[in-house]
Every structure is written in structure tokens, then in C-alpha cells.
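Biologist: I'd like to learn how to read a structure like this one. Could you walk me through it, feature by feature?

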Amino acid sequence: MQVAAVWSCVRLIAETVASLPLGFYRTAEGDDRVKLERSHPLVDLFSRKPNGMMTPQEFREAMTCQLALWGNAYARIDWIGERPVALTPIKPEAVTPVRMNGEITYHYATDKGVAVLAQKSVMHLKGFGTDGVIGLSPLSYARNVLGLTVSADKYAASNFANGGRPGGVLSLDRFLDPKQRELVRELYSNLSATADNAGKLWVLEGGMKYESISIPPDDMQMLESRQFQLGEIARIFRVPSHLINDSEKSTSWGSGIEQLNIAFLQYTLRPYLTRWESVIRDSLLTPVERETVVAEHNVEGLLRADSAARANFYAQMAQNGLMTRNEIRRKENLPWIDGADDLTAQVNLAPLDKLGESNASQARPGA
């Protein structure tokens, strides 16, 4: 997380996922859905308080951060009967899932020893994996890329701490005795050692010459290398580079940004959202409720375009009988009004053989 690009990618994913509204619905006859009652445990956990220390957003941020970094996120579930009453994150690096006799137990290493938790007591968010038991860790598989980035950062930091000057060697045209050698070393040891000596004027006497023995940063293509590593890290987390302020080889924020945001939602965030929705269903609902209760994120906020495009979208939805006026007003945080709960549709696209009937009905008084 001390690598700026990693920090930016993980924070972007975690904060965006946690900020999306998460709704809970019960399916009824005819596939109609109604919101769960406020007393339901899922509403209580994800809208009010998942545990005594965290808000719902903080909990979802922490879990999504674990998932992005380790490929797994774990939360301990406290139950009262069949009702989950608390969700508390636990450290992913200290948890080992163990499959035995068709059941999974979670061995959690603590200061007091190893606690064995039953499958029902752990909510396990799994990332991309191969066995269905544990997700693969992006940190482990990207260690070479991250190591190279850290090394480049350390080299850049030490180089600038050194006043931007590489190390070197002093050469003379004659031999020195031990005492003279120590004296020269003492006098000129700070020639390129610290930034405090940057800009100082050094006087080299007796034919002494200073030669650099390090490869200058421009010869090492340090800037190009660090720019390349930025793209590599963005690729690991599947985050578009422009979202972590990488303006290299990009045009402008206004050029196709809506499509870029849609791509970010579809290819980066969607796997996280579907994993959240699935684990909530599997870990926090009774077998009976799994048949009717669903969790679903509302991603509309990410897809909202400018005012003109949004107005055109609403007009199409209202004119084609897909949304009522009050539903549109609710999405714009406008108050409910009387007479705006009916679905309406334009009739100017009626079949040709019905046009006469439509004209006749309009011509009749009171029609």
C-alpha cells in the first residue's frame, strides 16, 4: 500500500463499492419485488450497524480492501438463533480455510492460539481462484511487478536525497601514502553523499578528477520505467489508468469519459458487486429465505450522464410506459406529486389500420 498506484487502485475500488446503495428485496408472485421490512437483520446490518465499531460503509470498505489485496475477505458472524446480529472483519493473512469431509472450517491464528471457526460463523468473500475454496492473492502473483516498483521508488528517493547526483570516484595522477589517502577521503567523502552538499562548490587540487560510477537516472530511463510500472499495477487491479490520474497517452477527461466509466463498472466493479451479493445470500440467509430474498446494488449513480442526456433518458422511459413520473422524480430527489403514478405511452405509433378509429374517438365530444 506504500506504492502510490496500489493505494490509488485499492482505495478507488473499495470506496466506490462501499458507496453504492445496497438494497434487499423479497420476490413475490409474478416476479414482483418489494423492499425488505426495516426489521429484517440484513437491513439492520447493512443500513445501521454491522458491529459495535464500524458503520456499514466502513465495514464494506474494509472487506473490499481485503478482497482487492489478498483475494479473500473474512468477517466473523455472531448469531442469535437464526438471526445474524454482528459482522466483524478478521485479518485475512491469519486465516486458513481447511476443507474436510465436505465442510470448510476456518483456522484463525491469534495471540492466544488458533481458533477453529465453523463455516456458518464466517462470511468469506472469495476473489478469482481455481478451487472454489480460497481466492488467489493479487499481492502474491504480482510480487515481481510490485518489487520492481518499490525498488524504483527507493532508488529515486535515495537519488534525490543525494542531491540528485550519483556516486563517484576521485582519481589522481600519482600514488598516495595511507595518511594522505585517509585525508583525501575525509575531505571529499561528502562530495556526493547528502543533499546538504548539493550546489556547493568543491575545489579539487593536484590534478584530482571526479568521475561518476553510477548510471544516471536518464540513462536508466527512470521516468519511463516508473510510468510503465504505473500501467502494470493498473492492469493487475483492472483499473483504467485515467482513474488513478495517469494522463500519459490520454486525450482529455471529457472525451468518452461516460463510456470509460461504464467499462470500469462492467469489467472492474461488477465482479466485486456480484461476489458481495452472492456471499450475503449464502452466508446470512436461512435456506428458506434464499429462495425469495435477494441483495442488489444500485449502480445508477455511476451511469448518470449530463443533464441533457439524463433528461432524454427519462423522457424515453416515461413516453414508452417504462417509468411513472413519480418514479422519475424519486430518482431526482424530487417530492412525490398527485396524479403522477400512472404509466403513460404515446399513441402516435398506432398500427395503420387503427388510425381511423383513433381519429374518430378524438373527434367525438368528450373523447
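Biologist: Let's start with R48. Is R48 buried or partly exposed?

Modeller: Keep in mind that this is a predicted model. Buried means under 20% relative accessible area and exposed means over 50%, so R48, at 37%, is partly exposed.

Biologist: And which residue does R48 form a salt bridge with?

Modeller: The general idea is that side chains of opposite charge can pair when their charged atoms come close. Here the partner of R48 is D44, and the closest N and O atoms are 3.3 Å apart. D44 is partly exposed too, since its relative accessibility is 26%.

Biologist: How many salt bridges are there by this rule?

Modeller: The count comes to five. One of them joins E37 and R26, with 3.3 Å between the closest N and O atoms. That pair links distant parts of the chain: R26 belongs to strand β1, whereas E37 is in the loop between β2 and α2, and eleven residues separate them. E37 has 39% relative accessibility, so it counts as partly exposed. R26, with a relative accessible area of 25%, is partly exposed as well.

Biologist: What about D282: which residue is its salt-bridge partner?

Modeller: D282 pairs with R281, and their closest N and O atoms are 3.0 Å apart. Both are partly exposed: D282 has a relative accessible area of 43%, and R281 comes out at 35%.

Biologist: Now helices. How far apart are the end C-alpha atoms of α3?

Modeller: Here you compare an expected span with the one in the model. Helix α3 covers residues 56-70, so its 15 residues should span 21 Å, and the end C-alpha atoms are indeed 21 Å apart. Just after α3 comes G71, whose phi is positive, near 80°.

Biologist: Which residues of α3 are buried?

Modeller: Among them are P56, F59, R60, M63 and T64. The others are Q66, L67, A68 and L69.

Biologist: What leads into that helix? Where does N51 lie, for instance?

Modeller: N51 lies in the loop between α2 and α3. With a relative accessible area of 6%, N51 is buried. For a polar side chain, it helps to look for its partners. The N51 side chain reaches the backbone nitrogen of M53 at 2.8 Å, and also that of M54, at 2.9 Å.

Biologist: Which residues is N51 in contact with, leaving aside its neighbours within four places in sequence?

Modeller: Those contacts are F59, L87, T88 and P89.

Biologist: F59 again! How many aromatic pairs does a search of the whole structure find?

Modeller: Six. To read one, check the distance between ring centres and the angle between the planes. F59 and W276 are edge-to-face, at 6.1 Å centre to centre with 70° between the planes. That pair links distant parts of the chain, from helix α3 to helix α8, with the two positions 217 residues apart. Both rings are buried: F59 at 1% relative accessible area, W276 at 0%. A tilted pair is formed by F313 and Y314, with centres 5.6 Å apart and planes at 50°. F313 is partly exposed at 41%, whereas Y314 is buried at 11%.

Biologist: Which residues form an aromatic cluster with F59?

Modeller: F24, F46 and W276 join F59 in one cluster.

Biologist: Last one: which ring does the charged end of K120 sit over?

Modeller: The ring of W79, with the charged end of K120 4.8 Å from its centre.

Terms used:
Residues numbered from 1 in each chain as written. Heavy atoms only, no water. Salt bridge = Lys/Arg side-chain N within 4 Å of Asp/Glu carboxyl O. Helix = DSSP H or I, 4+ residues; strand = E, 2+ residues; numbered from the N terminus. Buried < 20%, exposed > 50% of the residue type's maximum accessible area, 1.4 Å probe, protein only. Expected span 1.5 Å × (residues − 1). Polar contact = N/O pair within 3.5 Å; in protein donor to acceptor, adjacent residues only side chain to side chain. Contact = heavy atoms within 4.5 Å. Phe/Tyr/Trp six-rings, centres within 6.5 Å; stacked < 30°, edge-to-face > 60°. Lys NZ or Arg CZ within 6 Å of the ring centre and 35° of its normal.
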